[in-house]
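Trainee: Got a minute to go through this one with me? I'd like the overall picture, then some details.

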Amino acid sequence: MAATEPQGGAVKARHPLVEKILSGTAPEVIRMTAARGALPLPLSDLVYAQICLLHDELPGVVQAASASLAKMTGETLLPLLRDPGCEPILVDHFVRSGRLSGGALEAAIAHPAILDATLESVAAAATEETLNLIVTNEVRIIKNPHLLEILRANPNLAADNRRRLAELERDFIGKEELRVRSSPTVPREEPQAPGEALPEGALPEGVPAEGGVAPAGDAAPPVMTEEEEQKYEEALKKTPTFQKIMKMNVAERVQLAMKGNAEERAILIRDTARLVSTQVLKSPKLSDNEVASFAKMRSIHEDLLRAIASRKDWTKAYATVHALVRNPKTPPGLTIQFLPRLGNRDLKVVTGDKNIPELVRRQARNLFLIRTQPPKRMGKKAH
(Lines give C-alpha, C1' and ligand atoms only; values in the text may rest on other atoms or scores of the structure.)
Protein backbone atom coordinates (compact mmCIF):
# COMPACT_ATOMS: atom_id res chain seq x y z
CA MET A 1 0.00 0.00 0.00
CA ALA A 2 0.96 3.63 -0.37
CA ALA A 3 1.28 4.34 3.32
CA THR A 4 4.03 3.02 5.52
CA GLU A 5 3.59 2.08 9.12
CA PRO A 6 4.40 4.98 11.46
CA GLN A 7 7.02 4.46 14.09
CA GLY A 8 5.51 3.16 17.28
CA GLY A 9 2.32 2.39 15.36
CA ALA A 10 0.58 0.35 18.04
CA VAL A 11 -3.19 0.43 17.54
CA LYS A 12 -4.87 2.53 20.22
CA ALA A 13 -7.79 1.13 22.23
CA ARG A 14 -10.89 3.06 21.26
CA HIS A 15 -14.13 3.84 23.07
CA PRO A 16 -16.80 1.13 22.50
CA LEU A 17 -19.11 3.65 20.84
CA VAL A 18 -16.40 4.47 18.30
CA GLU A 19 -15.97 0.76 17.57
CA LYS A 20 -19.72 0.50 16.93
CA ILE A 21 -19.57 3.43 14.54
CA LEU A 22 -16.65 1.82 12.69
CA SER A 23 -18.39 -1.53 12.41
CA GLY A 24 -21.60 0.04 11.10
CA THR A 25 -23.69 -1.26 14.01
CA ALA A 26 -24.28 2.13 15.70
CA PRO A 27 -27.85 3.42 15.26
CA GLU A 28 -28.49 6.60 13.30
CA VAL A 29 -29.13 8.70 16.40
CA ILE A 30 -25.69 7.80 17.83
CA ARG A 31 -23.96 8.53 14.53
CA MET A 32 -25.71 11.87 14.14
CA THR A 33 -24.94 12.88 17.73
CA ALA A 34 -21.28 12.04 17.22
CA ALA A 35 -21.20 13.88 13.89
CA ARG A 36 -22.52 17.02 15.58
CA GLY A 37 -19.86 16.74 18.30
CA ALA A 38 -22.42 16.19 21.08
CA LEU A 39 -21.44 12.65 22.05
CA PRO A 40 -19.72 12.57 25.47
CA LEU A 41 -16.38 11.15 24.33
CA PRO A 42 -12.74 12.17 24.82
CA LEU A 43 -11.84 14.73 22.15
CA SER A 44 -9.46 12.38 20.30
CA ASP A 45 -12.13 9.65 20.09
CA LEU A 46 -14.83 12.13 19.04
CA VAL A 47 -12.69 13.61 16.26
CA TYR A 48 -11.71 10.11 15.11
CA ALA A 49 -15.40 9.13 14.91
CA GLN A 50 -16.28 12.32 13.01
CA ILE A 51 -13.57 11.66 10.42
CA CYS A 52 -14.91 8.15 9.90
CA LEU A 53 -18.46 9.49 9.62
CA LEU A 54 -17.42 11.54 6.60
CA HIS A 55 -18.05 8.29 4.71
CA ASP A 56 -21.41 7.44 6.32
CA GLU A 57 -24.24 6.20 4.13
CA LEU A 58 -26.56 9.02 5.29
CA PRO A 59 -25.85 12.43 3.69
CA GLY A 60 -27.11 14.23 6.80
CA VAL A 61 -24.54 12.51 8.99
CA VAL A 62 -21.76 13.28 6.48
CA GLN A 63 -22.78 16.95 6.34
CA ALA A 64 -22.91 17.26 10.15
CA ALA A 65 -19.49 15.62 10.59
CA SER A 66 -17.97 17.81 7.88
CA ALA A 67 -19.37 20.97 9.49
CA SER A 68 -18.08 20.00 12.94
CA LEU A 69 -14.59 19.26 11.68
CA ALA A 70 -14.49 22.52 9.68
CA LYS A 71 -15.11 24.49 12.88
CA MET A 72 -12.03 23.08 14.62
CA THR A 73 -9.30 25.69 14.91
CA GLY A 74 -5.54 25.23 15.07
CA GLU A 75 -5.69 26.23 18.73
CA THR A 76 -8.15 23.40 19.45
CA LEU A 77 -6.17 20.88 17.43
CA LEU A 78 -2.73 21.76 18.77
CA PRO A 79 -2.99 19.63 21.98
CA LEU A 80 -4.16 16.66 19.87
CA LEU A 81 -1.39 17.05 17.32
CA ARG A 82 1.26 17.37 20.03
CA ASP A 83 0.06 14.19 21.74
CA PRO A 84 2.44 11.29 20.84
CA GLY A 85 -0.60 8.99 20.95
CA CYS A 86 -2.48 10.95 18.28
CA GLU A 87 -3.64 8.49 15.65
CA PRO A 88 -2.35 8.77 12.06
CA ILE A 89 -5.89 9.12 10.70
CA LEU A 90 -6.33 12.43 12.59
CA VAL A 91 -2.99 13.78 11.43
CA ASP A 92 -3.73 12.67 7.87
CA HIS A 93 -7.14 14.37 7.74
CA PHE A 94 -6.09 17.75 9.06
CA VAL A 95 -2.83 17.94 7.13
CA ARG A 96 -4.60 17.10 3.86
CA SER A 97 -7.36 19.64 4.61
CA GLY A 98 -4.88 22.48 4.06
CA ARG A 99 -6.34 24.44 6.99
CA LEU A 100 -3.40 23.99 9.38
CA SER A 101 -0.82 26.69 9.85
CA GLY A 102 1.77 27.85 12.36
CA GLY A 103 2.33 25.65 15.39
CA ALA A 104 -0.45 23.20 14.47
CA LEU A 105 1.05 22.54 11.04
CA GLU A 106 4.53 22.21 12.50
CA ALA A 107 3.29 19.72 15.13
CA ALA A 108 1.50 17.66 12.47
CA ILE A 109 4.42 17.51 10.04
CA ALA A 110 6.82 16.57 12.85
CA HIS A 111 4.48 14.00 14.44
CA PRO A 112 6.14 10.55 14.61
CA ALA A 113 2.88 8.86 13.53
CA ILE A 114 2.43 10.85 10.33
CA LEU A 115 2.21 8.48 7.39
CA ASP A 116 4.54 8.61 4.40
CA ALA A 117 1.44 8.82 2.19
CA THR A 118 0.37 11.98 4.03
CA LEU A 119 3.77 13.61 3.63
CA GLU A 120 3.94 12.63 -0.04
CA SER A 121 0.49 14.05 -0.73
CA VAL A 122 1.30 17.36 0.94
CA ALA A 123 4.83 17.64 -0.48
CA ALA A 124 3.59 17.52 -4.07
CA ALA A 125 1.99 20.98 -3.91
CA ALA A 126 3.13 22.46 -0.59
CA THR A 127 4.15 26.05 -0.05
CA GLU A 128 7.75 26.96 0.73
CA GLU A 129 6.93 27.21 4.46
CA THR A 130 5.49 23.68 4.58
CA LEU A 131 8.35 22.30 2.51
CA ASN A 132 10.81 23.73 5.04
CA LEU A 133 9.08 21.71 7.76
CA ILE A 134 9.15 18.48 5.74
CA VAL A 135 12.78 18.81 4.71
CA THR A 136 13.88 19.12 8.35
CA ASN A 137 12.61 15.55 8.92
CA GLU A 138 15.77 14.03 7.47
CA VAL A 139 15.27 10.59 9.04
CA ARG A 140 11.94 10.16 7.26
CA ILE A 141 13.39 11.28 3.91
CA ILE A 142 16.33 8.84 4.21
CA LYS A 143 13.89 5.99 4.86
CA ASN A 144 11.65 7.02 1.97
CA PRO A 145 13.63 8.12 -1.12
CA HIS A 146 10.35 8.47 -3.04
CA LEU A 147 9.48 11.42 -0.78
CA LEU A 148 12.77 13.05 -1.79
CA GLU A 149 11.80 12.83 -5.46
CA ILE A 150 8.38 14.37 -4.78
CA LEU A 151 9.98 17.24 -2.87
CA ARG A 152 12.37 17.93 -5.73
CA ALA A 153 9.52 18.03 -8.24
CA ASN A 154 7.80 20.84 -6.31
CA PRO A 155 8.76 24.20 -7.88
CA ASN A 156 8.25 25.92 -4.51
CA LEU A 157 11.26 24.13 -3.02
CA ALA A 158 13.89 26.70 -2.08
CA ALA A 159 17.47 26.46 -3.37
CA ASP A 160 18.84 25.85 0.13
CA ASN A 161 16.50 22.92 0.58
CA ARG A 162 17.43 21.49 -2.82
CA ARG A 163 21.06 21.60 -1.77
CA ARG A 164 20.17 19.94 1.54
CA LEU A 165 18.35 17.12 -0.23
CA ALA A 166 21.30 16.62 -2.58
CA GLU A 167 23.61 16.23 0.43
CA LEU A 168 21.26 13.72 2.02
CA GLU A 169 21.16 11.67 -1.17
CA ARG A 170 24.93 11.79 -1.54
CA ASP A 171 25.76 10.91 2.08
CA PHE A 172 23.00 8.48 3.05
CA ILE A 173 20.62 7.31 0.34
CA GLY A 174 22.12 4.47 -1.64
CA LYS A 175 24.89 3.88 0.91
CA GLU A 176 22.87 1.03 2.36
CA GLU A 177 20.06 -1.10 1.03
CA LEU A 178 16.80 0.75 1.63
CA ARG A 179 13.63 -1.08 0.73
CA VAL A 180 10.71 1.28 0.30
CA ARG A 181 7.18 0.07 0.99
CA SER A 182 8.18 -3.55 1.12
CA SER A 183 7.48 -6.04 3.86
CA PRO A 184 10.45 -7.10 5.96
CA THR A 185 11.95 -10.28 4.59
CA VAL A 186 12.29 -13.30 6.79
CA PRO A 187 15.91 -14.42 7.05
CA ARG A 188 16.40 -17.99 5.97
CA GLU A 189 18.20 -20.24 8.38
CA GLU A 190 21.55 -21.56 7.29
CA PRO A 191 21.57 -25.15 6.11
CA GLN A 192 22.64 -27.68 8.67
CA ALA A 193 26.41 -28.01 8.73
CA PRO A 194 27.77 -31.30 7.36
CA GLY A 195 28.28 -33.80 10.13
CA GLU A 196 26.07 -31.90 12.60
CA ALA A 197 24.48 -34.35 14.99
CA LEU A 198 20.75 -34.89 14.80
CA PRO A 199 18.65 -35.70 17.85
CA GLU A 200 18.65 -39.36 18.77
CA GLY A 201 16.91 -41.43 16.09
CA ALA A 202 16.37 -40.60 12.44
CA LEU A 203 13.12 -39.68 10.76
CA PRO A 204 11.66 -42.97 9.58
CA GLU A 205 10.62 -43.46 5.98
CA GLY A 206 7.13 -44.47 4.92
CA VAL A 207 5.32 -41.96 7.12
CA PRO A 208 1.57 -42.51 7.45
CA ALA A 209 -0.59 -40.12 5.40
CA GLU A 210 -2.06 -38.11 8.27
CA GLY A 211 -1.92 -38.45 12.01
CA GLY A 212 -5.06 -39.00 14.03
CA VAL A 213 -4.90 -35.46 15.39
CA ALA A 214 -5.83 -33.87 12.06
CA PRO A 215 -9.61 -33.62 11.72
CA ALA A 216 -11.04 -35.84 8.99
CA GLY A 217 -11.61 -34.05 5.73
CA ASP A 218 -9.34 -31.10 6.57
CA ALA A 219 -6.62 -30.47 4.02
CA ALA A 220 -3.58 -28.34 4.67
CA PRO A 221 -3.50 -25.32 2.36
CA PRO A 222 -0.67 -25.09 -0.18
CA VAL A 223 2.13 -22.84 1.03
CA MET A 224 3.59 -20.34 -1.44
CA THR A 225 7.30 -19.85 -1.65
CA GLU A 226 8.56 -16.33 -1.00
CA GLU A 227 9.10 -15.85 -4.74
CA GLU A 228 5.58 -17.06 -5.58
CA GLU A 229 4.09 -14.73 -2.99
CA GLN A 230 5.97 -11.75 -4.42
CA LYS A 231 4.74 -12.56 -7.94
CA TYR A 232 1.17 -12.84 -6.64
CA GLU A 233 1.40 -9.46 -4.93
CA GLU A 234 2.82 -7.86 -8.07
CA ALA A 235 -0.16 -9.20 -10.02
CA LEU A 236 -2.51 -7.91 -7.31
CA LYS A 237 -1.13 -4.38 -7.75
CA LYS A 238 -2.27 -4.38 -11.38
CA THR A 239 -5.94 -5.01 -10.57
CA PRO A 240 -8.56 -2.21 -10.84
CA THR A 241 -9.45 -2.75 -7.17
CA PHE A 242 -5.89 -2.08 -6.04
CA GLN A 243 -5.73 1.06 -8.18
CA LYS A 244 -8.98 2.29 -6.63
CA ILE A 245 -7.70 1.67 -3.08
CA MET A 246 -4.43 3.45 -3.84
CA LYS A 247 -6.40 6.69 -4.33
CA MET A 248 -8.07 6.45 -0.91
CA ASN A 249 -6.88 8.19 2.23
CA VAL A 250 -6.48 6.41 5.55
CA ALA A 251 -10.02 7.09 6.78
CA GLU A 252 -11.54 5.71 3.58
CA ARG A 253 -9.38 2.58 3.77
CA VAL A 254 -10.38 2.00 7.40
CA GLN A 255 -14.05 2.15 6.41
CA LEU A 256 -13.47 -0.17 3.44
CA ALA A 257 -11.69 -2.66 5.68
CA MET A 258 -14.92 -3.04 7.66
CA LYS A 259 -17.46 -2.89 4.85
CA GLY A 260 -15.61 -4.03 1.71
CA ASN A 261 -15.63 -7.38 -0.09
CA ALA A 262 -13.16 -10.27 0.07
CA GLU A 263 -10.97 -8.91 -2.75
CA GLU A 264 -10.68 -5.53 -1.05
CA ARG A 265 -9.84 -7.16 2.29
CA ALA A 266 -7.12 -9.26 0.61
CA ILE A 267 -5.47 -6.00 -0.46
CA LEU A 268 -6.08 -4.04 2.75
CA ILE A 269 -4.68 -6.79 5.02
CA ARG A 270 -1.34 -6.02 3.35
CA ASP A 271 -1.67 -2.29 4.05
CA THR A 272 1.44 -1.21 5.92
CA ALA A 273 -0.62 1.29 7.91
CA ARG A 274 -1.39 -0.98 10.86
CA LEU A 275 -4.49 1.11 11.48
CA VAL A 276 -6.00 -0.27 8.27
CA SER A 277 -4.75 -3.87 8.29
CA THR A 278 -5.88 -4.42 11.90
CA GLN A 279 -9.35 -3.20 10.99
CA VAL A 280 -9.65 -5.96 8.37
CA LEU A 281 -9.59 -8.58 11.14
CA LYS A 282 -12.56 -6.83 12.78
CA SER A 283 -14.75 -7.00 9.69
CA PRO A 284 -18.04 -8.83 10.37
CA LYS A 285 -17.88 -10.17 6.80
CA LEU A 286 -14.58 -12.02 7.32
CA SER A 287 -14.72 -15.75 6.51
CA ASP A 288 -12.68 -18.66 7.88
CA ASN A 289 -11.14 -19.21 4.44
CA GLU A 290 -9.93 -15.62 4.37
CA VAL A 291 -8.40 -15.97 7.83
CA ALA A 292 -6.54 -19.10 6.74
CA SER A 293 -5.21 -17.28 3.66
CA PHE A 294 -4.06 -14.35 5.82
CA ALA A 295 -2.25 -16.75 8.16
CA LYS A 296 -0.12 -17.95 5.22
CA MET A 297 1.12 -14.48 4.26
CA ARG A 298 4.73 -13.60 4.97
CA SER A 299 4.11 -9.98 3.98
CA ILE A 300 1.74 -9.07 6.81
CA HIS A 301 2.84 -7.80 10.20
CA GLU A 302 3.62 -10.20 13.04
CA ASP A 303 0.94 -8.54 15.20
CA LEU A 304 -1.74 -9.67 12.75
CA LEU A 305 -0.53 -13.26 13.03
CA ARG A 306 -0.66 -12.93 16.82
CA ALA A 307 -4.24 -11.68 16.57
CA ILE A 308 -5.24 -14.63 14.37
CA ALA A 309 -3.53 -17.12 16.68
CA SER A 310 -5.30 -15.70 19.72
CA ARG A 311 -8.82 -16.32 18.36
CA LYS A 312 -10.03 -19.81 19.31
CA ASP A 313 -12.88 -19.65 16.81
CA TRP A 314 -10.36 -19.12 14.01
CA THR A 315 -7.79 -21.69 15.15
CA LYS A 316 -10.42 -24.43 15.25
CA ALA A 317 -9.80 -24.75 11.50
CA TYR A 318 -6.93 -27.10 10.61
CA ALA A 319 -6.04 -24.98 7.57
CA THR A 320 -5.46 -21.91 9.77
CA VAL A 321 -3.35 -23.80 12.31
CA HIS A 322 -1.24 -25.36 9.56
CA ALA A 323 -0.73 -21.97 7.91
CA LEU A 324 0.39 -20.35 11.18
CA VAL A 325 2.93 -23.13 11.82
CA ARG A 326 4.36 -22.94 8.30
CA ASN A 327 4.60 -19.13 8.31
CA PRO A 328 8.18 -18.11 9.29
CA LYS A 329 6.87 -14.83 10.71
CA THR A 330 4.65 -16.48 13.32
CA PRO A 331 6.36 -16.08 16.71
CA PRO A 332 7.88 -19.47 17.75
CA GLY A 333 6.10 -19.37 21.11
CA LEU A 334 2.77 -19.43 19.28
CA THR A 335 3.86 -21.93 16.64
CA ILE A 336 4.92 -24.57 19.16
CA GLN A 337 1.53 -24.68 20.85
CA PHE A 338 -0.09 -25.64 17.55
CA LEU A 339 2.33 -28.47 16.64
CA PRO A 340 0.28 -31.20 18.38
CA ARG A 341 -2.63 -30.28 16.11
CA LEU A 342 -0.71 -31.25 12.95
CA GLY A 343 -0.93 -34.62 11.29
CA ASN A 344 2.20 -36.73 10.84
CA ARG A 345 2.66 -35.79 7.19
CA ASP A 346 2.62 -32.06 7.96
CA LEU A 347 4.83 -32.54 11.02
CA LYS A 348 7.47 -34.19 8.85
CA VAL A 349 7.32 -31.30 6.38
CA VAL A 350 7.87 -28.83 9.24
CA THR A 351 10.97 -30.69 10.42
CA GLY A 352 12.61 -30.16 7.04
CA ASP A 353 11.51 -26.58 6.36
CA LYS A 354 14.64 -24.43 6.73
CA ASN A 355 12.55 -21.23 6.75
CA ILE A 356 11.02 -22.21 10.10
CA PRO A 357 13.04 -21.44 13.26
CA GLU A 358 15.22 -24.30 14.54
CA LEU A 359 13.40 -24.35 17.88
CA VAL A 360 10.11 -25.13 16.14
CA ARG A 361 11.67 -27.74 13.83
CA ARG A 362 13.28 -29.48 16.79
CA GLN A 363 9.99 -29.65 18.68
CA ALA A 364 8.23 -30.95 15.57
CA ARG A 365 10.92 -33.61 15.09
CA ASN A 366 10.62 -34.79 18.69
CA LEU A 367 6.83 -34.95 18.48
CA PHE A 368 7.04 -36.83 15.18
CA LEU A 369 9.39 -39.42 16.68
CA ILE A 370 7.16 -39.93 19.68
CA ARG A 371 4.21 -40.62 17.41
CA THR A 372 5.90 -42.84 14.84
CA GLN A 373 8.57 -44.86 16.65
CA PRO A 374 7.25 -48.18 17.98
CA PRO A 375 7.17 -48.44 21.78
CA LYS A 376 10.13 -50.21 23.34
CA ARG A 377 9.30 -53.72 24.55
CA MET A 378 10.28 -54.62 28.07
CA GLY A 379 12.58 -57.67 28.30
CA LYS A 380 11.43 -60.72 30.24
CA LYS A 381 12.64 -60.78 33.79
CA ALA A 382 14.75 -63.75 34.82
CA HIS A 383 13.23 -65.91 37.56
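**Overview**

Mentor: The chain has 383 residues, and 45% of them are buried. Buried means under 20% relative accessible area, exposed over 50%, partly exposed in between, with a 1.4 Å probe and protein chains only. This is a predicted model, where local features need pLDDT of at least 70, side-chain atom pairs count only at pLDDT 80 or more, and totals for chains, interfaces and linings use all residues. Residues are numbered from 1 along each chain as its sequence is written, and side-chain values use heavy atoms, with hydrogens and water left out.

Trainee: How many helices and strands are there?

Mentor: The chain has 23 helices and zero strands. Helices (H or I, at least four residues) and strands (E, at least two) are DSSP runs, numbered from the N terminus.

Trainee: And what is the accessible surface of the chain?

Mentor: About 19700 Å², with 55% of that belonging to carbon and sulfur atoms. The areas come from the Shrake-Rupley method with a 1.4 Å probe; for residues, only the protein chains shown count as cover.

Trainee: What percentage of contacts join residues at least 24 apart?

Mentor: It is 67%, taken among contacts between residues at least 6 apart in sequence. Contact means heavy atoms within 4.5 Å.

Trainee: Let's start at the N-terminal side. Which residues of H2 are buried?

Mentor: Arg-31, Met-32, Ala-34 and Ala-35. Down the axis of H2 they fall within an arc of 160 degrees, so they line one face of the helix. The arc is that of the directions from the helix axis to the C-beta atoms.

Trainee: What covers them?

Mentor: The cover includes helix H1 (16-23), H3 and helix H4 (59-70). After H2 comes Gly-37, with a positive phi near 85 degrees.

Trainee: Hang on, an arginine in that list. Why does Arg-31 count as buried?

Mentor: Because its relative accessibility is 9%, and the cut-off is under 20%. Arg-31 sits in helix H2, residues 28-35.

Trainee: What does Arg-31 touch?

Mentor: Leaving out residues up to four places away in sequence, Arg-31 touches Ile-21, Ala-26, Leu-53, Asp-56, Glu-57, Leu-58 and Val-61. Two of those names are acidic residues to look up in the viewer: Asp-56 and Glu-57.

Trainee: Moving on. Which residues are buried in H5?

Mentor: Leu-77, Leu-78, Leu-80 and Leu-81, in a helix that spans residues 74-82. Their cover includes helix H3 (43-52), H6 and helix H7 (102-110).

Trainee: Pick a residue in H6 for me.

Mentor: Take Leu-90, in helix H6 (residues 88-97). Leu-90 is buried, at 3% relative accessible area. Beyond its neighbours within four places, Leu-90 contacts Ser-44, Val-47, Tyr-48, Ile-51 and Leu-80.

Trainee: How far is Leu-90 from Ala-251 in space?

Mentor: They are 8.7 Å apart, C-alpha to C-alpha, with their positions 161 residues apart in sequence.

Trainee: Now Ala-123. Buried or exposed?

Mentor: Buried, at 0% relative accessibility. Ala-123 is in helix H8, residues 116-123. Its C-alpha is 5.7 Å from that of Leu-151, 28 residues apart along the chain. Outside the four-place window, Ala-123 contacts Leu-131, Ile-134, Leu-147, Ile-150, Leu-151 and Asn-154.

Trainee: And Leu-236, where does that lie?

Mentor: In helix H13, residues 226-236. Leu-236 counts as buried at 10% relative accessibility. With neighbours within four places set aside, its contacts are Phe-242, Ala-266, Ile-267 and Arg-270. Leu-236 and Ala-266 are 30 residues apart in sequence and 9.3 Å apart, C-alpha to C-alpha.

Trainee: Which residues are buried in H19?

Mentor: Leu-304, Leu-305, Ile-308 and Ala-309, in a helix covering residues 302-309. Seen down the axis, they stay within an arc of 140 degrees, so they line one face of H19. They pack against helix H17 (274-280), helix H18 (288-296), helix H20 (318-326) and helix H21 (332-338).

Trainee: Switching to side chains. What lies over the face of Trp-314?

Mentor: Arg-311, at 3.9 Å from the ring centre. The rule wants NZ of Lys or CZ of Arg within 6 Å of the ring centre and within 35 degrees of the ring normal.

Trainee: Last one. How many disulfides?

Mentor: Zero, where a disulfide is a pair of cysteine sulfur atoms within 2.5 Å. Cys-52 is buried at 3% relative accessibility, and Cys-86 is buried at 7%.
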